[in-house]
Amino acid sequence: MDHLLELGSAMARFAELTGEATGDERVPGCPGWDFRDLATHLGTIHRWAGAIVLSGQRVKLPHPVVTEPLVDWYAGTASALLAALQAVSPEEPVPNFTHLNEDAAFFARRQMHEATVHTVDAAQALGLDEAEWEVPPEIAADGVDEVLQVFFPRMTSLGRRPDVRCRIRLIATDTGQEWVVAPGSSDSLPPLQLHSSYHSDATAKGTAADLYLSLWHRVSRFRLDFEGSDATALFDGPTTP
């Protein structure tokens, strides 16, 4: 997958929706936020990531002065991030909050999923039909990978460990991909991701997009088919920020 290309597509869609918004719409996936908060957050994250990529240093999240119109301000931050990522090799050493896979390619992937999830938020805030915010299976499956690899450890480090009580198999019915997560050896350590050949005690089955957006709490877990109550506990608990 070309994460940079997909990032640009997600940014373009978010900008399009921002141009349609008043800024006052409530965002269901981000309680307490309106559309202006959402666009400000995403644009600020783009600026922060771009600064890290170009400097090769850890930097603090900026406190932006957002100019009007909001869509132009957001488009400027998106263009700046794309330019930063295009200016360096994907293999160039660049720090990130995981301390793993510390290269520029990490930010192309991370920002693609950041923009994808928040584009879903934007479409939901505008009350658009689900057909307007469907996530392609390939992107969604990559997003499930990212949640397990990046955010399960991240949430654990923040004191909000994902609730993995047994070996749980996640099954994407459209792509055929499977993931197995296990409790691990200690409550202070993140859940383990095992090879899909391992035995599992419970399952959660659905399209890649439903798995992805359920892990991000953007759609209801009731879209998934479960075997074993311990699998539902995972989706009811903390999985992403």
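These exercises, each with a worked solution, concern a predicted model.

## Exercise 1. Helix α1: span, start and cover

Compare the reach of α1 with its expected span, then say what lies at its start and which residues are buried.

Solution.

Step 1. Helix α1 covers residues 3–20, which is 18 residues. Its C-alpha atoms, first to last, reach 26 Å. The expectation at 1.5 Å a residue is also 26 Å, so the two are close.

Step 2. Look at the start of the helix. A side-chain oxygen of Asp 2 comes to within 3.2 Å of the backbone nitrogen of Leu 4.

Step 3. List the buried positions. They are His 3, Leu 7, Ala 10, Met 11, Arg 13, Phe 14, Ala 15, Leu 17 and Thr 18.

Step 4. Consider the spacing. An α-helix has 3.6 residues a turn, so residues three or four places apart point the same way.

Step 5. Find the cover. The elements over these buried residues include α2 (35–55), α3 (70–86), α4 (104–125) and α5 (137–157).

## Exercise 2. Helix α4 and Gln 124

Check the span of α4, state how many of its residues are buried, and place Gln 124.

Solution.

Step 1. α4 has 22 residues. At 1.5 Å a residue they should span 32 Å. The end C-alpha atoms are 31 Å apart, which agrees.

Step 2. Count the buried residues. They number 21 of 22, so α4 is mostly covered.

Step 3. Gln 124 belongs to helix α4. Its relative accessible area is 17%. The cut-off for buried is under 20%, so Gln 124 is buried.

Step 4. Leave aside neighbours within four places in sequence. Gln 124 is then in contact with Pro 28, Gly 29, Trp 133 and Arg 218.

Step 5. Move past the helix. Gly 127 follows α4, and its phi is positive, near 70°.

## Exercise 3. Pro 137 and the cysteines

Classify Pro 137, Cys 30 and Cys 166 by accessibility, and give the disulfide count.

Solution.

Step 1. Pro 137 sits in helix α5. Its relative accessibility is 37%. Partly exposed lies between the 20% and 50% cut-offs, so Pro 137 is partly exposed.

Step 2. Separate sequence from space. Pro 137 and Ala 125 are 12 residues apart in sequence. Their C-alpha atoms are 22 Å apart.

Step 3. With neighbours within four places in sequence set aside, the contacts of Pro 137 are Asp 174, Thr 175 and Ala 208.

Step 4. Turn to the cysteines. Cys 30 has a relative accessible area of 9% and is buried. Cys 166, at 11%, counts as buried. The structure holds zero disulfides.

## Exercise 4. Layout of the sheet

Give the strand order, the edge strands and the twist, then work out the pairings of β1.

Solution.

Step 1. The sheet is open and has five strands. Their order is β3-β2-β1-β4-β5, and the pairing is mixed.

Step 2. β3 (192–194) and β5 (225–227) are the edge strands, since each pairs on one side only. From one strand to the next, the twist averages 20°.

Step 3. Pair β1 with β2. They run antiparallel and are joined by four bridges. Ile 168 stands opposite Val 181 in β2. The two strands form a hairpin with five residues between them. In the turn, Gly 176 has a positive phi of about 80°.

Step 4. Pair β1 (residues 168–172) with β4 (residues 202–206). They run parallel, with five bridges. Leu 170 partners Ala 204, Ile 171 stands opposite Lys 205, and Ala 172 partners Gly 206.

Step 5. Go on from β4 to β5. These two run antiparallel and share three bridges. Here Ala 204 has Phe 226 as its bridge partner.

## Exercise 5. What encloses the sheet strands

Why do β1 and β4 count as largely enclosed, and which helices lie across β1?

Solution.

Step 1. In β1, five of the five residues are buried, so the rest of the structure largely encloses this strand.

Step 2. Split β1 by face. Ile 168, Leu 170 and Ala 172 are buried on one side. Arg 169 and Ile 171 are buried on the other.

Step 3. In β4, four of the five residues are buried, so β4 is also largely enclosed.

Step 4. Add the helices. α5 lies across β1, β2 (178–182) and β3, at about 15° to β2. Helix α7 (residues 229–236) lies across β1, β4 and β5, at about 75° to β1.

Note on methods:
Residues are numbered from 1 along each chain as its sequence is written. Side-chain values use heavy atoms; hydrogens and water are left out. Buried means under 20% relative accessible area, exposed over 50%, partly exposed in between (1.4 Å probe, protein chains only). Contact means heavy atoms within 4.5 Å. A polar contact is a pair of N or O atoms within 3.5 Å; within protein, one must be able to donate a hydrogen and the other to accept it, and residues adjacent in sequence count only if both atoms are side-chain atoms. A disulfide is a pair of cysteine sulfur atoms within 2.5 Å. Axes are lines fitted to C-alpha atoms, for helices over the stretch in contact, and angles run from 0 to 180 degrees between N-to-C directions.
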